[in-house]
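I set out to record what could be looked up in this model, one topic at a time. The entries follow in the order in which I made them.

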Amino acid sequence: MSVTQSILNKIPKSGRRKIKVRRNYQYAGYLYILPWLIGLLIFQLYPFISSLYYSFTDYNMVSAPKWVGLDNYHKIFTEDPDFYQSLKVTGIYVLLAVPVKLAFALFVAMLLSAKLKAINFFRTVYYLPSILGGSVAISVLWRFLFMKEGVVNSLLARLHLGPVDWLGSPDIALYTLGLLTVWQFGSSMVLFLAGIQQIPNDLYEAGSIDGASRFSMFFRITVPMLTPIVLFNLVMQMVNAFQEFTGAFVITHGGPMKSTYLYALKLYEEAFTFFKMGYASALSWILFLIIMAVTAVIFKSSGGWVHYEDGGK
Amino acid sequence: MKRNKWGAMGLASLLLASLLGGCSSGKSASNTSTNAGNAANAEEKVTLRFSWWGGEDRHAATLAAIEAYKQVAPNVTIEAEYQGFDGYEQKIKTQLAGKTSADIMQLDLPWLQELTKKGDFFVDLNTQPEFDASGFDQGFLDNYGMYDGKLAAVPTGVNAYCLIINKSLADKLNVDSAAQWTWDSLLEAGKQLHAQDSSKYLLLTDHAALRQDMVTMLKQRTGKQWVQEDYTLGFTKEDAAASFDWLYQAMQAGVYQPLGESDLFFGKIDQNPKWINQEIPIAPSMSSILPSLKTVLPEGTEVITALPVIAKDAKDSGVLVRPSQLFAVSNDSAHKTEAVKFLSWFMNDPGAAALLGDVRSVPPVKASQEAAVTAGKIDAAITNAVELGLSHAGLVDNAVANNSEVQKIMDDIVQKVSYGKSNAEQAADELIASLTSKLKDLQDRE
Amino acid sequence: MRELQHDSKNSWLNYIFLIVLGLVMVYPLIWLFTSSFKTNADIFGSSRLLPTTYVWDAYKLGWQGTGQYGFEDFFINTLKLVIPTVIFTIVSSVLVAYGFARFNFPLKTLLFSVMIATLMLPNASVMIPRYILFNKLGWLDTYLPFIIPAAFATSAFFIYLMIQFIRGLPRDLDEAATIDGCNSFTVLTRVLLPLCKPAIFSVGIFQFMWTWNDFFNSIIYISSVSKFTISLGLRLSLDASSAVSWNQVLAMSVVSIVPCVLLFFFCQKYFVEGISTTGLKG
């Protein structure tokens with residue numbers, strides 16, 4: 001209130017007549033969103049559509065694009081085993097890393113939501129890995145930690161375990177990279193934490209009067225109330241996971257034996273090693289369609305499991 | 001640390017003789033016709049970008065030479081852009097496509113072969129009066145620098161495939177460092193070494209080195225390039241299966257460190273802890289890698305070179321001798337004349353050669369060789385490797401065999417065999433099928 | 001009573017678990033720090049956290065780099081890239097968010113949906129034509145591919161975050177200010193902007209960290225070493241340095257994450273507030 005008052009006091013009193021000008025439409029709005037509109041057209045819509053065009057061409061950036069029709073798509077689906085490999089690897093990566101990360105984030109958020117003393121401290125500690133995220137420094141670190149002679153194996157050796165070939169074994173390397181993603185569960189956790197704190201206390205009180213156990217309250221109250229956040233986290237993390245690049249590029253180069261050859265690596269290699277821009281554009285469109293399809297499925301199904309306080313919208 | 005002056009001196013003459021003998025000298029296009037238009041004012045400040053890849057010793061020596069150039073041309077500033085091998089290829093190609101490349105760049109032979117087909121990226125050095133190519137062997141230039149009648153690049157050094165041996169370690173492990181290996185004897189020795197001590201392996205590798213082994217084996221069996229210039233295969237399924245079978249056995253027997261461990265150091269094998277901690281005595285590699293492999297070992301470790309593996313009944317020695325890398329000047333350069341001048345100095349000046357030594361293997365220009373030898377900057381082991389290579393040189397690689405997409409197919413299959421996920425028969429079938437389809441695709445795109 | 005006891009026992013378990021987990025979470029970072037003082041022998045094959053022999057010069061030597069460009073240059077370069085990007089992002093997303101949050105204009109719902117849709121548009125599907133476009137514009141090997149799109153509010157996430165925040169501010173404020181003679185722009189700058197501080201901080205900090213850590217775009221757009229950012233410089237030292245100086249690589253990794261860590265600690269309040277109160281309603 002006082003803020004408003006002080007602002008009101010500061011405002012010169014002339015020209016009070018200007019109100020009522022915008023009744024229905026306020027075209028000034030266009031002025032404000034204009035930067036975005038231009039950006040949308042130039043940096044998003046145009047590239048988006050022209051990548052569709054490029055996907056029907058053979059283009060190496062040096063000579064002019066040559067129209068080849070569906071050739072690129074045909075080759076991707078029939079003659080490129082790496083496409084299927086990268087799809088498989090990416091699929092496993094998304095299916096494992098995203099749910100594990102979210103489950104972990106929710107679990108820790110629950111623990112933190114109990115009124116603990118050092119909550120801020122813990123929140124900071126858990127969030128720290130997330131802000132360092134996809135930085136090269138962290139990839140460097142991961143490489144050192146999980147090398148055959150690395151510190152993780154040294155620690156395991158103390159427990160008379162291992163050594164595990166974390167990065168060198170085609171059966172394990174992908175999980176080691178997945179671990180890097182899960183380690184960064186902080187941002188999802190913060191969202192869950194905020195969500196938990198917004199759940200009205202009377203719901204729990206009502207629950208405990210009804211004699212519900214903590215366990216059942218978690219599944220009957222907390223989880224349903226958090227489903228909008230789960231949905232948001234799920235979609236965003238999924239979109240990101242499909243495009244994961246830095247870790248696989250810096251730590252394993254897609255190896256060993258293409259076991260970490262994520263789709264983004266394949267895309268990068270076709271575009272910036274072989275300069276097959278048309279082919280790479282086709283790959284990017286396929287990725288786009290896959291992501292859209294998965295998003296659509298998640299949203300479609302969300303009607304069934306996402307609970308909105310105000311009855312949905 | 002002894003440097004063998006006389007050996008290297010001998011090399012100089014030998015080098016010329018064998019190169020001249022080996023190559024058909026084509027069009028000698030040393031024309032000094034026109035003055036390159038923009039003869040820069042001597043006082044004008046010029047900044048040139050010079051990019052290369054390498055290890056720390058190459059960086060240090062090249063930077064020292066750049067520093068020395070300040071005395072020669074005070075108005076020219078050279079910005080150095082250097083890095084490791086990994087990712088350099090992408091960078092160079094991205095820059096060339098985006099017209100943001102350095103003025104002078106170090107290239108690998110396969111890329112040069114590929115790029116000169118795609119566009120006119122490089123200055124024809126023969127049209128540049130400022131460039132002195134007279135010290136180079138004409139045959140060497142023709143074979144590796146000339147494309148469509150233009151001198152697009154010059155070799156940085158003469159590089160030979162060899163075995164780089166940590167002799168101190170080999171002696172300790174009872175590995176015969178003087179042996180001429182055959183594939184069979186190598187397999188046997190590697191098996192024994194690993195059986196005695198499971199932390200030891202005979203050979204240092206990464207997947208690119210394994211690919212080289214396979215290609216060499218194919219050449220030795222067939223006497224032909226594995227992929228021919230006319231986009232056909234130079235080998236049969238039997239040849240491929242036999243080669244992969246050897247690799248499979250070698251991996252199973254522990255002749256090589258498991259690829260999962262060694263390939264973390266792809267393109268920088270000198271960083272492999274097993275080599276640094278002296279648990280692997282032999283690195284099959286190009287001679288230009290020797291300085292980096294040597295610097296990571298303790299002072300006083302004796303490092304020698306030997307001829308690479310040659311099969312008993314080889315139809316071609318398969319020994320690869322080629323430019324270490326090549327230097328080219330960008331056609332998009334704003335200061336071509338200055339760039340060419342610098343390159344000419346870098347390659348020909350005795351002072352520069354004395355600073356650079358063997359960081360790009362043996363210099364290709366005779367006077368530079370002598371200057372580097374006199375300065376004691378050429379490791380006798382490198383001289384030895386190049387001499388051996390030249391006297392046993394095998395087939396010259398063609399552009400198709402060097403194509404990055406073709407090589408990638410071999411890389412992939414080599415990995416499958418190395419990890420034991422594919423047996424020799426399957427690998428041979430897959431190699432032939434994938435190559436056939438890729439070669440057709442490449443030919444279509446031509 | 002029993003209930004309470006149960007709870008306090010539980011909370012002890014909570015604490016222990018949280019502390020153990022916290023240690024696991026930060027152990028890699030602590031290891032990174034202590035290992036920057038280690039010898040190679042200690043880095044490999046030793047499970048000890050602290051060095052047996054301390055090496056003190058890793059930071060100095062690593063910072064110098066091997067040649068003409070050291071981490072000082074990479075740092076300055078990164079700032080040259082990050083600061084304009086952050087500022088432009090803030091300015092543009094505030095403007096656009098204001099437009100969406102407070103004005104009613106034709107096609108608004110449609111445009112808003114388009115914006116939300118771009119939130120999910122994978123970067124991969126626009127990356128190649130953007131690269132070609134920037135190439136044609138002659139922007140490769142400059143920082144413009146980062147800065148200019150930021151000026152045009154290309155990141156829907158930030159707009160969305162701002163919109164949610166502005167919507168949470170009472171409209172009475174605008175109306176009162178309008179009555180007092182503010183035009184729509186001065187309503188924004190004088191009334192709303194001061195109130196938007198938490199959201200602005202969130203946007204700024206997120207964008208700072210993302211741009212600071214960005215690797216993919218840097219590797220595509222920046223090619224000359226003189227313009228390398230920290231990410232690229234770090235990868236350079238990872239690849240190019242011979243194995244003798246691993247501690248230098250680790251030391252520079254530490255240096256590269258310090259700004260983000262500091263920023264996070266100092267602005268934590270805004271950060272968590274921004275993401276948790278504005279990121280998700282609706």
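**Entry 1: two residues with positive phi**

I located B:Ser361 in the loop between α14 (350-356) and α15 (366-374) of chain B. The model is a predicted one, and I read the backbone angles with that in mind. B:Ser361 has a positive phi of about 65°, although this residue is not a glycine. Most residues other than glycine have a negative phi, so I noted the angle and went on to the surroundings. Is B:Ser361 buried or exposed? I found B:Ser361 buried, at a relative accessible area of 1%.

I then looked up B:Asp148, which is likewise not a glycine and has a positive phi of about 50°. B:Asp148 sits in the loop between β4 (146-147) and β5 (150-151) of chain B. With a relative accessible area of 71%, B:Asp148 counts as exposed, because the cut-off for that class is over 50%.

**Entry 2: chain B against chain A**

I turned to the contact of chain B with chain A, to which chain B gives 27 residues and chain A gives 29 residues. The two chains bury about 2,500 Å² between them, and carbon and sulfur atoms carry 57% of that area. On the side of chain B, I noted B:Gln90, B:Leu264 and B:Lys408 as the residues that lose the most area to chain A; together they account for 23% of what that side buries.

How many salt bridges cross the interface of chain B and chain A? The rule finds seven. One that I looked up joins the side chains of B:Asp441 and A:Lys75, with N to O at 2.9 Å. I also recorded 11 residue pairs in polar contact across this interface, both residues of each pair at pLDDT 80 or more.

Next I listed the helices behind the side of chain B that touches chain A: α3 (88-97), α10 (259-262), α18 (404-418) and α19 (424-445) each supply at least two residues. The largest share, six residues, comes from α18(B). By class, I entered six nonpolar, seven polar and 14 charged residues for this side of chain B.

**Entry 3: chain A against chain C**

For this interface I noted 104 residues of chain A in contact with 108 residues of chain C. The buried area comes to about 9,400 Å² between chain A and chain C, with 77% of it on carbon and sulfur atoms. A:Tyr32, A:Trp36 and A:Phe43 supply 10% of the area that chain A buries against chain C, more than any other three residues.

I looked for salt bridges across the interface of chain A and chain C, and the rule finds zero. Polar contacts are present there, in 12 residue pairs with both residues at pLDDT 80 or more. Which helix gives the largest share of the side of chain A that touches chain C? That share, 20 residues, belongs to helix α2 (residues 28-54) of chain A. I classed this side of chain A as 75 nonpolar, 21 polar and eight charged residues.

**Entry 4: chain C by itself**

I counted 14 helices and zero strands in chain C. Chain C has 282 residues, and 63% of them count as buried. Among its contacts with a separation of 6 or more, 72% come from residues 24 or more positions apart. I closed the entry with the accessible surface of chain C, about 11,100 Å², of which carbon and sulfur atoms hold 68%.

Notes:
Residues are numbered from 1 along each chain as its sequence is written. Chains are lettered from A and ligands numbered from 1 in the order in which they are written. This is a predicted model: local features need pLDDT of at least 70, side-chain atom pairs count only at pLDDT 80 or more; totals for chains, interfaces and linings use all residues. Side-chain values use heavy atoms; hydrogens and water are left out. Contact means heavy atoms within 4.5 Å. Buried area is the accessible area (1.4 Å probe) that two parts lose on being put together, summed over both. A salt bridge is a side-chain nitrogen of Lys or Arg within 4 Å of a carboxyl oxygen of Asp or Glu. A polar contact is a pair of N or O atoms within 3.5 Å; within protein, one must be able to donate a hydrogen and the other to accept it, and residues adjacent in sequence count only if both atoms are side-chain atoms. Helices (H or I, at least four residues) and strands (E, at least two) are DSSP runs, numbered from the N terminus. Ala, Val, Leu, Ile, Met, Phe, Trp, Tyr, Cys and Pro count as nonpolar, Asp, Glu, Lys and Arg as charged, and the others, Gly among them, as polar. Buried means under 20% relative accessible area, exposed over 50%, partly exposed in between (1.4 Å probe, protein chains only). Accessible areas come from the Shrake-Rupley method with a 1.4 Å probe; for residues, only the protein chains shown count as cover.
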